Amino acid sequence: MEKTWNNKAWFMVLPVLVLVAFSAVIPLMTVVNYSVQDTFGNNEFFWNGTQWFTDLLRSQRFWDSLSRNLIFSGIILALEIPLGILIALNMPKKGAWVSVCLVLMALPLLVPWNVVGTIWQIFGRTDIGLFGYVANALGFDYNYVQDPVDAWLTVIVMDVWHWTSLVVLLCYASLVSIPDAYYQAAKIDGASRLAVFRYIQLPKMRRVLTIAILLRFMDSFMIYTEPFVVTGGGPGNSTTFLSIDLVKMALGQFDLGPAAAMSIVYFLIILLFSWVFYTVMTASDAQN
Amino acid sequence: MNLNFTWMAWTWPTAGFFLAILFLILCMGVWEYVSPGGNPRTGILRFETTRGDRLFISLLGAAFIHIAWLGLIDASLWWALLLSLVYAICVFLFV
């Protein structure tokens with residue numbers, strides 16, 4: 001049968017286009033306009049060309065916060081993805097414990113970012129926080145306010161606590177959808193536990209894992225609230241990630257031009273990563 | 001209704017930039033009208049791309065070429081634009 005082409009249907013996306021224009025395109029255009037000008041307030045702007053971009057790309061501060069962010073995202077992915085798979089594999093597939101596990105897993109996801117930050121900010125304190133107090137009582141020199149390593153440790157553990165559940169739930173959903181016949185066939189063939197994981201479970205989870213990696217990368221790459229509440233970017237600049245640096249520049253220093261230039265570079269990096277992930281995902285789907 | 005866009009701090013170069021993007025999208029629309037289907041093919045990146053994908057890859061690549069130029073090289077930015085055009089032509093031919 002001949003497929004009917006009716007391009008009038010494109011008008012149906014017009015409302016979305018208007019919404020996106022107001023919420024994203026117009027603000028983005030404004031950021032681009034800001035990035036080539038300087039302002040001292042009062043809505044007066046002075047042309048500055050590409051100087052902000054040159055300054056930004058040659059400043060140690062930007063590369064430092066970018067590398068901190070990339071390292072953070074790398075650690076987060078390296079911890080949360082295997083841990084999420086491991087927990088999902090060990091969750092019960094049948095019985096009353098399924099609901100209990102699912103609710104327990106969903107709980108951290110329901111806590112707002114700033115509350116998670118506050119919880120860990122207090123939890124890690126050496127005077128009144130359970131974790132900080134106990135760690136010091138056990139003889140560990142733990143103090144996230146003064147020690148960069150401890151600050152990193154706190155922020156990473158906090159993120160793992162908050163977001164591993166997402167990976168678990170995604171993997172679990174894909175695991176329970178595998179028909180029993182696969183496992184029966186594997187049993188008949190005498191496949192080991194590892195072989196079942198490698199040749200049945202992992203391929204079936206591939207799609208959701210790609211989504212999980214993409215989501216966790218983007219979320220950790222734009223993380224702001226949690227480290228801001230816990231460490232405020234400190235001690236020194238040790239946990240100043242890109243978004244924290246950006247807000248410092250834009251709102252703290254009111255340097256709208258440099259902040260706009262940084263936003264654009266930040267946006268382009270996220271766009272590149274998202275495009276690569278999306279392309280890999282759709283291309284491998286097409287192959288299957 | 002009094003629409004006031006001064007808060008957007010428009011400049012001629014940035015307006016020109018966005019008009020150029022708009023012009024490119026309109027050209028893609030005309031191209032699609034003349035030859036529908038998006039001309040999907042598998043190029044050197046070994047996955048299927050349409051004309052729209054190729055435009056996106058060209059624009060994203062052009063952005064990074066300009067950023068790299070600003071960060072590493074002191075010569076005029078017009079050379080980066082020229083390089084981006086060469087890159088875009090290659091993308092449309094081979095990707």
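Student: Among contacts in chain A between residues at least 6 apart in sequence, what share joins residues at least 24 apart?
Tutor: This is a predicted model, where local features need pLDDT of at least 70, side-chain atom pairs count only at pLDDT 80 or more, and totals for chains, interfaces and linings use all residues. Residues are numbered from 1 along each chain as its sequence is written, with chains lettered from A and ligands numbered from 1 in the order in which they are written. A contact here means two C-beta atoms, placed from the backbone, within 7 Å. For pairs at least 6 apart in chain A, the share joining residues at least 24 apart is 70%.

Student: How many helices and strands does chain A have?
Tutor: Both are DSSP runs numbered from the N terminus: helices are H or I with at least four residues, strands E with at least two. Reading from the N terminus, chain A goes α-β-β and then α for the rest. The count is 12 helices and two strands.

Student: Which helix gives the largest share of the largest nonpolar core?
Tutor: A nonpolar core is a set of buried Ala, Val, Leu, Ile, Met, Phe, Trp, Tyr and Cys residues joined through C-beta atoms within 7 Å. Buried means 20 or more other C-beta atoms within 10 Å of a residue's own, exposed means 12 or fewer, and partly exposed is in between, with C-beta atoms placed from the backbone. The largest core has 29 residues, and A:Leu56 and A:Ala261 are among those with the most contacts inside it. Its largest share, eight residues, comes from H12(A).

Student: Where does this core lie relative to domain 1 and domain 2 of chain A?
Tutor: The bounds, from an automatic or database domain assignment, are 25-58 + 255-288 for domain 1 and 67-247 for domain 2. Both domains give residues to the core, so it lies between them.

Student: Which element gives the most to the side of chain A that touches chain B?
Tutor: The contact takes 23 residues from chain A and 18 residues from chain B. On the chain A side, H1, strand S2 (45-47), H2 and H12 each supply at least two residues. The top contributor, with eight residues, is H12(A).

Student: Is A:Asn42 buried or exposed?
Tutor: A:Asn42 sits in the loop between strand S1 (37-39) and S2 of chain A. Its phi is positive, near 60°, and it isn't a glycine. With 6 other C-beta atoms within 10 Å, A:Asn42 is exposed.
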